[in-house]
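I opened the model to look up two things: one loop residue, and the surroundings of the ligand. My entries follow in that order.

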Amino acid sequence: MRVLVLTGAGVSAESGIPTFRGKDGYWRNFDPAKLATPEAFARDPQLVWEWYHERRQRIRKARPNAAHEAITRLAHHAEDFLLVTQNVDDLHTRAGIPAQRMVQIHGDIFVTRCSRCDWRAELCDAERSNFRDHPGLAGARPSTVSNEYEDGIPKCSQCAALMRPGVVWFGEQLPWNELERVENFLDGGACDVVIVAGTTATFGYIIDWALRGSRDGGELIEVNPEETPLSRFATQLVREPAAIALPHIVDQLIRSR
Ligand code: OAD
């Protein structure tokens, strides 16, 4: 079985992580232009870091739900499998999905990287509570970031620019390596099943990947309580929360193939 799964914020909603465009979604209360663009970071890096810090804290307290677990089961069962998630949280990883079977197309909130050069700093549990002193450091290994700070934000140890969260912001390119992994998977053959769960499919590339994945008569299953631009292409619409629907869908797929 060859399977592509595309996920969005709705899959983590039942773990207590707000979506972006839903009822209590971030973009209902905050202006993305003030928090999730390179211009916002240049204007007020502390405000941006505070928002990401709060999100990191919330994600750390959350646990993967039955939707993440079901996707992991499918990843272990299917011969060919790729999960492309727009989520920057680590809940798919914590549910046990192998790294080589997942692409985080919008980045990883627990990575801290330079706003100018390619320097990146990975997670270190011991440093995760350091935010009050050094907001940009929360979750990063200090030796790989910097010993220098500007208004509490770490500076790159290579080029001295400010460090920023390792996510994709509005107006930015998708990460080239990750994009290539998605393209390679799609070029490798049509899928028997494409599942799209918990995303408004706002971005054209999500729709494009779902349609290309299911191009040769594969099933296109949408799991979302609400209609999206993809709904009209779906061969199966499941209007239920992901944590309820996905365990059943995965059980059926595993039984049937
Ligand atoms: P959105 O907030 O746009 O959409 C969440 C979707 O999940 C909606 O379609 C909801 O109907 C659905 N939903 C809510 N609860 C659900 C549940 N329990 N089970 C299943 N579905 C549920 O989030 P995304 O589509 O992920 O990007 O947003 C895409 C991108 O826009 C994000 O990665 C982020 C955002 O701006 C960047 O920051 C670049």
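**Loop residue, then ligand**

I first located glutamine 86, which lies in the loop between strand S2 (80-85) and helix H7 (91-94), helices (H or I, at least four residues) and strands (E, at least two) being DSSP runs numbered from the N terminus. I note that this is a predicted model, in which local features need pLDDT of at least 70, side-chain atom pairs count only at pLDDT 80 or more, and totals for chains, interfaces and linings use all residues. Residues are numbered from 1 along each chain as its sequence is written, and side-chain values use heavy atoms, with hydrogens and water left out.

Is glutamine 86 buried or exposed? I entered glutamine 86 as buried, because its relative accessibility is 12% (buried means under 20% relative accessible area, exposed over 50%, partly exposed in between, with a 1.4 Å probe and protein chains only). Its side chain makes a polar contact of 2.9 Å with the side chain of threonine 199 (a pair of N or O atoms within 3.5 Å; within protein, one must be able to donate a hydrogen and the other to accept it, and residues adjacent in sequence count only if both atoms are side-chain atoms).

I then turned to the ligand, which 22 residues surround, the closest being Phe20, Arg21, Thr199, Thr200 and Asn224 (near means a heavy atom within 4 Å). A side-chain N or O atom of glutamate 14 is 2.8 Å from a nitrogen atom of the ligand, and a backbone N or O atom of phenylalanine 20 is 2.7 Å from an oxygen atom of the ligand. For alanine 242, I noted a backbone N or O atom 2.8 Å from a ligand nitrogen atom.
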